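Thanks for coming. I will go through one structure today, a few places at a time.

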Amino acid sequence: MLPDALTFTAPAPLVDIGANLTHESFAADLDAVLERARSANVTTLILTGTERAAIEAALTLCERDALVTLHTTAGLHPHHASDWTPAFADWMASAAQHQRVKAIGECGLDYNRDFSSRTDQKRAFEAQLELAARTQKPLFLHERDAGVDMLDMIKQWRDDIGDAVIHCFTGEKETLYGYLDLDLHIGLTGWLCDERRGHHLRSLVRDIPANRLMVETDCPYLLPRNLPAKLKGRRHEPALLPWIVREIAHYRGEREHELSVSSTETARRFFNLPLTEDA
Ligand SMILES: [Zn+2]
């Protein structure tokens with residue numbers, strides 16, 4: 001249950017492009033989470049596939065007949081980059097063909113945590129850029145404190161890959177402009193709701209063209225810090241996406257409805273989602 005003050009309804013159907021629903025924190029009440037997403041008018045979720053077990057779990061979830069339409073990405077997160085082996089590469093190549101897999105990723109570079117060595121991160125990322133080029137599926141990218149190398153690697157592949165989104169963009173103006181110059185898409189989370197570290201994003205979000213901007217919770221992580229009520233357990237979930245959209249729209253100087261419609265249209269095109277769905 002969400003408190004009344006946290007029960008939102010988006011003015012138009014939303015696509016949450018980054019939901020880690022296979023995270024253990026959702027195991028006990030996933031049906032209720034999906035029901036709440038539906039009532040909030042968050043009608044399509046793109047699950048985030050970060051390593052083999054998560055991708056397999058996501059594909060199983062996608063098969064269930066839920067109130068909300070589920071798709072997934074499939075890739076190896078930079079944190080797990082040292083797990084990129086020839087066997088994994090083979091498995092990924094077949095997983096990428098699955099019709100519910102709408103993008104390659106999450107992949108990229110994370111120099112903030114460096115859980116895998118930078119050499120391993122670049123190797124795994126390069127292999128996934130190659131896979132995206134080969135399958136012509138879009139890329140779901142993660143970058144933290146690695147903007148320069150990221151831009152460099154994408155530049156080398158830009159003519160071969162199709163669309164790509166920098167999910168949960170948190171960088172500075174220069175990096176944003178670098179990504180937009182490469183015609184990349186930008187995924188925004190509730191990061192800008194954080195007065196301690198998201199402040200710089202508030203003036204930047206206006207510069208992202210509507211047809212390059214998508215929205216996401218990145219749940220269960222990144223619960224917006226400025227929600228109008230306290231949430232017990234502090235687990236983020238898709239039903240809270242309308243609050244993030246409201247905040248982003250505010251800083252872009254546009255109506256919540258306008259951003260809801262444009263971000264969904266952009267996500268539909270980007271992930272090549274079937275038009276028959278009601279989102
Ligand atoms: Zn990420």
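To start with a single residue: is Val148 buried, partly exposed or exposed? Please bear in mind that this is a predicted model. Val148 has 13 other C-beta atoms within 10 Å. A residue needs 20 or more to be buried, and 12 or fewer to be exposed, so Val148 is partly exposed. Val148 sits in helix 5, residues 147-157. Its C-alpha atom is 7.7 Å from that of Thr175, and the two residues are 27 apart along the chain.

Now Asp110, which belongs to strand 4, residues 101-110. Here the count is 20 other C-beta atoms within 10 Å, and since 20 or more is the cut-off, Asp110 is buried. Which residues does Asp110 contact, leaving aside neighbours within four places in sequence? They are Pro78, His79, His142, Arg144 and Ala146. For one of these, His142, I also have a C-alpha separation from Asp110: 7.2 Å, with their positions 32 residues apart along the chain.

Strand 4 also contains Glu106. The peptide bond leading into Glu106 from Gly105 is cis, with omega near 20°. If you are checking the backbone of the model, look at that bond.

There is another cis peptide bond, between Cys219 and Pro220, where omega is about 5°. Pro220 lies in the loop between strand 8, residues 213-215, and helix 8. Asp218 is in that loop as well. Its phi is positive, near 60°, and it is not a glycine. Asp218 is buried, with 24 other C-beta atoms within 10 Å.

Cys168 also has a positive phi, near 50°, and again the residue is not glycine. Where is Cys168? In the loop between strand 6, residues 164-166, and helix 6, residues 173-181. Cys168 has 23 C-beta neighbours inside 10 Å and so counts as buried.

Next, the core. In general, nonpolar side chains in soluble globular proteins tend to be buried together. The largest nonpolar core in this model has 76 residues, and the members that touch the most others are Ile104, Val165, Val215, Val245 and Ile248. Helix 8, residues 241-252, gives the largest share of this core, with six residues. As for Ile104, its contacts beyond four places in sequence include Ala74, Ala96, Leu131, Leu139 and Phe140. Gln128, Thr135 and Lys137 are also among them.

Staying with helix 8: how does it pack against helix 9, residues 256-270? The angle is about 110° and the axes are 8 Å apart. That angle makes the two helices roughly perpendicular. From helix 8, the contact uses Val245, Arg246, Ile248, Ala249 and Arg252. From helix 9, it uses Glu256, Glu258, Leu259 and Ser260. Sorted by class, there are four nonpolar residues, one polar and four charged.

Last, helix 1, residues 30-39. Its buried residues are Val33, Leu34, Arg36 and Ala37. Why do they count as one side of the helix? Because they cover an arc of only 160° around the axis, which puts them on the same side of helix 1. The general background is that an α-helix has 3.6 residues a turn, so residues three or four places apart point the same way. Strand 2, residues 42-47, is part of what covers the buried residues of helix 1. After helix 1 comes Asn41, with a positive phi near 70°.

That is where I will stop.

Technical notes: Residues are numbered from 1 along each chain as its sequence is written. This is a predicted model: local features need pLDDT of at least 70, side-chain atom pairs count only at pLDDT 80 or more; totals for chains, interfaces and linings use all residues. Helices (H or I, at least four residues) and strands (E, at least two) are DSSP runs, numbered from the N terminus. The arc is that of the directions from the helix axis to the C-beta atoms. Two residues are in contact if their C-beta atoms, placed from the backbone, lie within 7 Å. A nonpolar core is a set of buried Ala, Val, Leu, Ile, Met, Phe, Trp, Tyr and Cys residues joined through C-beta atoms within 7 Å. Axes are lines fitted to C-alpha atoms, for helices over the stretch in contact, and angles run from 0 to 180 degrees between N-to-C directions. Angles under 35 degrees count as roughly parallel, over 145 as roughly antiparallel, 65 to 115 as roughly perpendicular and the rest as oblique. Ala, Val, Leu, Ile, Met, Phe, Trp, Tyr, Cys and Pro count as nonpolar, Asp, Glu, Lys and Arg as charged, and the others, Gly among them, as polar.
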